[in-house]
Amino acid sequence: MHINIAPHSPCQRQRRSAGFQPASVARASSPCDATQSRPLELSSHSRTRRGILSFGIYLGFGILGFGIFSPTPAHAASLYPGNRAPLISRPYIDLPLGSIKPRGWLLEMLNRQRTGATSQMDTLYPAVMGPRNGWLGGDGDQWERGPYWIDGLLPLAYILDDESLKAKARPWIEWMLASQRPDGFFGPAKDYKNQPGLQRDNSADWWPRMVALKILQQYYSATNDPRVIPFLTKYFQYQLKTLPTAPLGKWTFWATYRVGDNIQVVYWLYNITGDAFLLDLADLLYKQGYDYTNAFLKGDLLSGVGAMAGPPADPASHCVNIAQGMKEPIIYYQRHPEQKYLDSVRRALADIRRYQATPQGMYGADEALHGNNPTQGSELCSAVELMFSLESMMAITGDAAFADHLERIAFNALPAQITDDFMAKQYFQQANQVMVTRHVRNFNCNYDGTDIVFGTLSGYPCCFSNMHQGWPKFTQNLWFATPDAGLAALVYSPSEVTAKVADGRRVKITEDTCYPMDDKIKFTVQILDAPQRPLVFPLRLRIPDWCQTPAITINGQPLTGCTTPDIPTNAFIVELGRPWKTGDTVELTLPMQVAITTAWYDNSVAVERGPLVYALRLTENWTEKKVPPAEVPRYGESYREVTTPDKWNYGLLATTIQTPATQFKVTIDPAKQKQNFFWNVENAPIQIKTRAREIPTWLLYNETAGPLPRSLWGGNPGEDKTKIPSETEITLIPYGCTTLRISEFPVVQ
Ligand SMILES: [Zn+2]
């Protein structure tokens, strides 16, 4: 057996390239904390220099270790098509859609989508998703919403291997393929008069086609339908010929800001066909697109607030554009492997963390960037799009920090913003959300106060159309092939993968776990072809940044020379190479400790443990409300409000947050941990109890938690010492289990 652990130093965390994880005032114990330098603790000047240095060092290890970040094309033999020269070699290669199946709680999430809205959009939202849709040849909606739905429905159908879901997606695929004109153009091409609730103009816009490209890429991955490759080739020839006179921004500005999605599919096709014109097209697309690289690297785009309605309107500050645009420099980096593209994304994530972020992995942007006040909104579309960007970015760069961030959104923001039955969603969620009611709040976009209630068409209907891609694509990105004919698990959830490894024989690896509600992950190997002969291949596992003391056993035996503390804390990827045989098991333990993260809005703090953020548990009273008849076409039949009789205005104690290991008591309910659905208050398997103090002056304002009292670490100036409430015990549960919550707490003395 050989074991490679890369990088090799015991204090690698400062090499992280794109950390969202903030400074932490206290962890239970970490040999590395003393030397840790995180971007947010540095001045902006040295932060940038640190970023370059960090990548430089990691680059060195990459070359020695795996070829990750190799600046020169290196294309090892792989059983699955990776990048073709001159694109850089990718450390992680997509497996065909359908190779990765969810199990346990993740299967339950996909099943809830199957019985919930994802299978029913044509009847829940018939005006747009019904037969009148332009992407089915009708005179109804001609723009993004139909493709949005299929971009989630199609991967769900093939991951679950569900014939009725495939049958729902098929007419859309067939119409798309049949719609191609001799010149290569495809999709709706005729504008219609405005009709309330429908987007019927700008039918020729480049933007909705970018969503269609993602659909066709996934469809080909699942089916190898031979029509797809010549179809895409012809469309990309059309783009190359037409863009000089009909540029990305000709119809609407969206294509200019989301062109990374287009370039991604162009490179994917290039890897299949090797057609050189595709590289020219990618360059042209990048040139016509918004320059995120320089905006992130040199500009102040992410340090202020934006406006969608102007003056002047600023599409670059739009939350979904940023979520999608985040990957654009790294997509392009594959062809032009210059350090600036990596640095720009690192800088962008650091700036977001500093100026816009909330603990659940998102940022205040309702819809324009709106700062890090935890009562600003975060749009559901931006959560699923940022997840997709992080999935793409981690596979191209091998940077495990993107995987950490992906888990942060998937396990915190995403389950909280969609109802348990997958039938309704919030357009915006708030990190501190104490009252989900129809009311006009201080958001950049307001839709008659329906912005945070749970509904179908409440707020703006993009999210109801686009939310379906979140869990299926997350599932598809749990596992990757590697260029040396091995496998890698980059994010963790119960699943199984079937793939060719080593000499081309198939192996199935089952991943049993209650993660993120548990710290143990068990992998079981089954060789499917000629199982009597062992298979030698590398299995790579990510060690999350937050984990101080990871441990691995193989067939029950602690890994020799690799157990704590010999597994370097803060290592990112562990490589296990050995002759694997059927029945072999690997148990990865990622102990989770309570950590208090700081420098959130107005000096507030958040409580984290492993990949989960913890929030104040509140009683939730759900009420169904009817939408007045005149508004039904706009906002749907009904929506759900959520209120609480409980107090929520607590501050954490300055004394206890210094020693979270002793002052925050963690209780785990093993029965709840093993259940298939734990994403609500009553099913939450983990509780953290701690002492807190009510802040009487922190009151409800405008049906929102009022201004967050600024945490002053030296005392509570202005406080009437005769009226300080006594300490009380509060209970925190995982953010993803809450609908009402406080997740950014003031600190009180
Ligand atoms: Zn949306």
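**Core packing and sheet architecture of the predicted model**

Apart from its neighbours within four places in sequence, Met387 is in contact with Leu406, Ile409, Ala410, Gly470, Lys473 and Phe474. In this predicted model, Met387 belongs to the largest nonpolar core, a set of 219 residues in which Val266, Met387 and Leu487 touch the most other members. Helix α16, spanning residues 380-397, supplies the largest share of this core, namely twelve residues. The core draws at least three residues from domain 1 (100-476) and at least three from domain 2 (594-748).

A further view of the packing is given by Ala282, which is placed in helix α11 (residues 277-288). Ala282 has 26 other C-beta atoms within 10 Å and is therefore classed as buried, the cut-off for that class being 20 or more. When neighbours within four places in sequence are left aside, the contacts of Ala282 are with Ile263, Val266, Tyr267 and Arg335; among these, Val266 is also one of the three residues that touch the most other members of the largest nonpolar core. Between Ala282 and Gly260, which are separated by 22 residues in sequence, the C-alpha to C-alpha distance is 9.3 Å.

For the chain as a whole, 22 helices and 28 strands are assigned, and 55% of the 749 residues are buried. Of the contacts with a separation of 6 or more, 72% are between residues 24 or more positions apart.

Seven strands are arranged in an open sheet in the order β3-β9-β10-β11-β16-β13-β14, with antiparallel pairing. Because β3 (100-102) and β14 (557-558) each have a single partner strand, they stand at the edges of the sheet, and one side of each is left without a neighbour in it. Within this sheet, strand β13 (residues 551-554) runs antiparallel to strand β16 (residues 585-589), to which it is joined by four bridges, and Ile554 has Val586 in β16 as its bridge partner.

A second open sheet consists of three strands in the order β6-β21-β20, again with antiparallel pairing. Here β6 (454-455) and β20 (621-626) are the edge strands, each of which pairs on one side only. The antiparallel pairing of β6 with strand β21 (residues 638-643) rests on two bridges, and Gly455 stands opposite Tyr639 in β21.

Both senses of pairing occur around strand β22 (residues 650-653), which runs antiparallel to strand β24 (residues 686-694) and is joined to it by three bridges, whereas its pairing with strand β28 (residues 747-748) is in the parallel sense, over two bridges. On the antiparallel side, Leu652 of β22 stands opposite Ala692 in β24, while in the parallel pairing the bridge partner of Leu653 is Val748 in β28.

The confidence of the prediction varies along the chain, for which the average pLDDT is 88 and 87% of the residues score at least 70. Over residues 561-570 the pLDDT is below 50, although the model has 30 contacts for this stretch beyond near neighbours in sequence. Residues 22-76 likewise remain under 50 in pLDDT, and for them the model has 110 contacts beyond four places in sequence.

Terms used:
Residues are numbered from 1 along each chain as its sequence is written. This is a predicted model: local features need pLDDT of at least 70, side-chain atom pairs count only at pLDDT 80 or more; totals for chains, interfaces and linings use all residues. Two strands pair if DSSP finds at least two bridges between them. A residue is buried if 20 or more other C-beta atoms lie within 10 Å of its own, exposed if 12 or fewer, and partly exposed in between; C-beta atoms are placed from the backbone. Two residues are in contact if their C-beta atoms, placed from the backbone, lie within 7 Å. pLDDT is the predictor's confidence in each residue, from 0 to 100. A nonpolar core is a set of buried Ala, Val, Leu, Ile, Met, Phe, Trp, Tyr and Cys residues joined through C-beta atoms within 7 Å. Domain bounds come from an automatic or database domain assignment.
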